[in-house]
Amino acid sequence: MIKQIICQQVEKSFKGDGMKTVALKKVDLTFEIGEITAIVGPSGSGKSTLLSLLGTLDKPSGGLITYDGEEVLKKNKSKIADFRFQEIGFIFQQFHLLPTLTALENVLTPLFSRKVSYNKLERAKEVLEQVGLKDKTNSLPSQLSGGQQQRVAIARAIVHKPSWLLADEPTGNLDTETGERIYDLLKELNEQEGCGILFVTHDPALAAKANRIITMKDGVVLSDKVGVPS
Ligand SMILES: Nc1ncnc2c1ncn2[C@@H]1O[C@H](COP(=O)(O)OP(=O)(O)OP(=O)(O)O)[C@@H](O)[C@H]1O
């Protein structure tokens, strides 16, 4: 279980069409397991880029990211994928559920072709119950509300018992009340499982509930405040 992620002078630039976009500029940040951190800032400020680097989905152009002191991104692709499977769960604004699979089957997808010590079907049922969807096990995504679909996506993100949950605007497609309930669920998971949660949001009220608020602008960290959660 990774307890600490450190970014040192992390840079990320994208090249294309003869243009270079600098998405992150010398970012220094430390994340501790168990914290709930909100990442806020205007569109294009580098929030999603930061999440995908922290989640090992992409590599920085400069600087260093270490996980309990280890440079995971130096490993080969399959070792990085194993690391991601063990440690990281992702939640996206668009849910990204497979439309032809039931809720249960969607939750099972990260476990396909993985060897685990637990019973996969029992585990998938357990997490669906944990997110309050015991009675929707066999429903297709089209038969579920937006909030319920995001719950399925959260169940899928935690089925492999990750120690970190990275969420990119998890409530962005939901109305305020449903969004708040999804946040409460994330908070519950943080308290019960002790996982670190990093979420990007445009909603100041939601950000105010986190332990810590990181504000980004033009690829730099503008402020990093430890707050008293409301
Ligand atoms: N794959 C990519 N190729 C080229 N440029 C990219 C790529 N991904 C991000 N960028 C650029 O990097 C900058 C930061 O983008 P990023 O998506 O991280 O911002 P964001 O803060 O998450 O924005 P939003 O709130 O709109 O989601 C932007 O200028 C964006 O256009």
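Modeller: Ala, Val, Leu, Ile, Met, Phe, Trp, Tyr, Cys and Pro count here as nonpolar, Asp, Glu, Lys and Arg as charged, and the others, Gly among them, as polar. The model is a predicted one, in which local features need pLDDT of at least 70 and side-chain atom pairs count only at pLDDT 80 or more, while totals for chains, interfaces and linings use all residues. Residues are numbered from 1 along each chain as its sequence is written.

Colleague: What makes up the shell around the ligand, by class?

Modeller: The shell has two nonpolar, nine polar and one charged residues. Its members, each with a C-beta atom, placed from the backbone, within 6 Å of the ligand, are Phe 14, Gly 16, Thr 21, Ala 23, Gly 41, Ser 43, Gly 44, Ser 45, Gly 46, Lys 47, Ser 48 and Thr 49. Strand 1 (4–16), strand 2 (19–32) and helix 1 (47–54) each supply at least two of these residues, and the largest share, three residues, comes from helix 1. Helices (H or I, at least four residues) and strands (E, at least two) are DSSP runs, numbered from the N terminus.

Colleague: Why is helix 1 called largely enclosed by the rest of the structure?

Modeller: Six of its eight residues are buried, so the rest of the structure largely encloses helix 1. A residue is buried if 20 or more other C-beta atoms, placed from the backbone, lie within 10 Å of its own, exposed if 12 or fewer do, and partly exposed in between. The buried residues of helix 1 are Lys 47, Thr 49, Leu 50, Leu 51, Leu 53 and Leu 54, and just after this helix Thr 56 takes a positive phi of about 60 degrees.

Colleague: Why is Leu 97 called buried, and Gln 9 partly exposed?

Modeller: Leu 97 has 22 other C-beta atoms within 10 Å, so it is buried, whereas Gln 9 has 13 C-beta neighbours inside 10 Å and therefore counts as partly exposed. Leu 97 is found in the loop between strand 5 (88–92) and helix 3 (103–108). Leaving aside neighbours within four places in sequence, Leu 97 is in contact (C-beta atoms, placed from the backbone, within 7 Å) with Asn 106, Pro 141, Gln 149, Val 152 and Ala 153. The C-alpha atoms of Leu 97 and Pro 141 are separated by 6.9 Å, although the two are 44 residues apart along the chain.

Colleague: What makes the phi of Gln 9 worth a remark?

Modeller: Phi of Gln 9, which is found in strand 1, is near 50 degrees, a positive value in a residue other than glycine. Most residues other than glycine have a negative phi.

Colleague: How do you know that the buried residues of helix 6 line one face?

Modeller: Those residues are Gly 179, Ile 182, Tyr 183, Leu 186 and Leu 189. Seen down the axis of helix 6, they fall within an arc of 115 degrees, so they line one face of the helix; the arc is that of the directions from the helix axis to the C-beta atoms. This face packs against helix 5 (146–158), strand 6 (164–168), strand 7 (196–200) and helix 7 (204–207). On the other side of helix 6, Glu 177, Asp 184, Glu 188, Glu 191 and Gln 192 are exposed.

Definitions and conventions: Contact = placed C-beta atoms within 7 Å.
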